[in-house]
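Grab your viewer and a notepad, and work through the exercises below. Try each task before reading its solution.

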Amino acid sequence: MKVSKILVSQPKPATGKSPYFDIAEKHNVQIDFCSFIKVEGVTSKEFRQQKVSILDHTAIVFLSRHAIDHFFTLCKELRITIPDDMKYFCLSETISLYIQKYVQYRKRKVFFGNGHIQDLEPLFAKHKTEKYFVPASNVHNDEINSLFDKYGIIHSQAEMYRTVSTDIEADFIKSYDMLIFFSPHGIYSLKKNAPDYVQGEQLIACFGNVTAKCIHDNGLRLDLEAPSATATNMPAALNAFLTENNK
């Protein structure tokens, strides 16, 4: 089928520069943006019920900017003052620099990896006497806990934020020729907002093999997947698809 309307399950880019805008103009298609999910913090009451004391720890591990936002927001609500000698271990340099939004970066000891949890292993091994706290979401894996356990490191983890579905009209979803997803949460949101969803001729694209697996597990047809051997990102994959499909 010829594709003329595409819905990207992400917030609209804040600036006028985006490869999606270029694709829309090049192929004369309509590309809209609508986030299927949102991140919200747990309440101070919900955090207290987890019986974890942040000040019992000497290091914090941040795996995302969401974790930083909700960690410091909760600390403020709970009137917890983070000591100046607290150490911070971040998944990437970009995440580590984001800490400056809340604290004076030069006064803190900050360590970071290259975007993968495995990058943190030598850092944890070098600083294994620290007591680590990990602000987590409601959906997470145990990779980081496995690293701590490997070196017998004292650590705690608590839920500080959660990913939930946004409310979207089922008819709005079905009005598009193609849907593009970037996480399993987007698929869960699709099923929640359109419980009687039948894919039919509507095309589904996704980025990442975890999202692809979720699509298949939910009995849906995956029509375009990135990354691939010829396209390392979704805009490149979409551009190639439209070039071939909309001839």
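What follows is a short set of exercises, each with a worked solution.

Before you start: this is a predicted model, so local features need pLDDT of at least 70 and side-chain atom pairs count only at pLDDT 80 or more, while totals for chains, interfaces and linings use all residues. Residues are numbered from 1 along each chain as its sequence is written, and side-chain values use heavy atoms, with hydrogens and water left out.

**Exercise 1. Get the overall picture of the chain.**

Step 1: count the elements. The chain has ten helices and eleven strands; these are DSSP runs (helices H or I, at least four residues; strands E, at least two), numbered from the N terminus.

Step 2: get the extent. Along the principal axes, the C-alpha atoms fill a box of roughly 60 × 35 × 35 Å.

Step 3: check burial. Of the 247 residues, 47% count as buried (buried is under 20% relative accessible area, exposed over 50%, partly exposed in between, with a 1.4 Å probe and protein chains only).

Step 4: look at the contacts, meaning heavy atoms within 4.5 Å. Among those between residues at least 6 apart in sequence, 67% join residues at least 24 apart.

**Exercise 2. Work out the strand order of the six-stranded open sheet, and find its edges.**

Step 1: pair the strands (DSSP must find at least two bridges between them). The order comes out as β3-β8-β7-β4-β5-β6, with mixed pairing.

Step 2: find the ends. β3 (37-41) and β6 (109-112) each have a single partner strand, so one side of each has no neighbour in the sheet.

Step 3: add the twist, which averages 25 degrees from one strand to the next.

**Exercise 3. Place β4 among its neighbours.**

Step 1: go to β5. Strand β4 (residues 59-62) pairs with β5 (residues 87-90) in the parallel sense over four bridges. Val61 has Phe89 as its bridge partner, and Phe62 has Cys90.

Step 2: trace the connection. From β4 the chain crosses through α3 to β5, and this β-α-β crossover is right-handed (with the strands pointing away from the viewer, the path from the first strand over the helix to the second runs clockwise).

Step 3: turn to β7. Here β4 pairs in the parallel sense over two bridges, and Ile60 has Phe133 as its bridge partner.

Step 4: check both faces. Ala59 and Val61 on one side, and Ile60 and Phe62 on the other, are all buried.

**Exercise 4. Characterise helix α3.**

Step 1: compare its span with the expected one (1.5 Å times one less than the number of residues). With 13 residues, α3 reaches 18 Å from its first C-alpha to its last, close to the 18 Å expected.

Step 2: list what is hidden. The buried residues include Ile68, Phe71, Phe72 and Cys75.

Step 3: look just past the helix. Arg79 takes a positive phi of about 60 degrees.

**Exercise 5. Why does His185 count as buried, and why does Ser53 count as partly exposed?**

Step 1: take His185, which lies in helix α8 (residues 184-193). It counts as buried because its relative accessible area is 19%.

Step 2: find its contacts. Leaving out residues up to four places away in sequence, His185 touches Ile37, Val139 and Thr163.

Step 3: now take Ser53, in the loop between α2 (44-48) and β4. Ser53 counts as partly exposed because its relative accessibility is 33%.

Step 4: look across the fold. Ser53 and Ala158 are 105 residues apart in sequence, and their C-alpha atoms are 9.8 Å apart in space.

Note on methods. Axes are lines fitted to C-alpha atoms, for helices over the stretch in contact, and angles run from 0 to 180 degrees between N-to-C directions.
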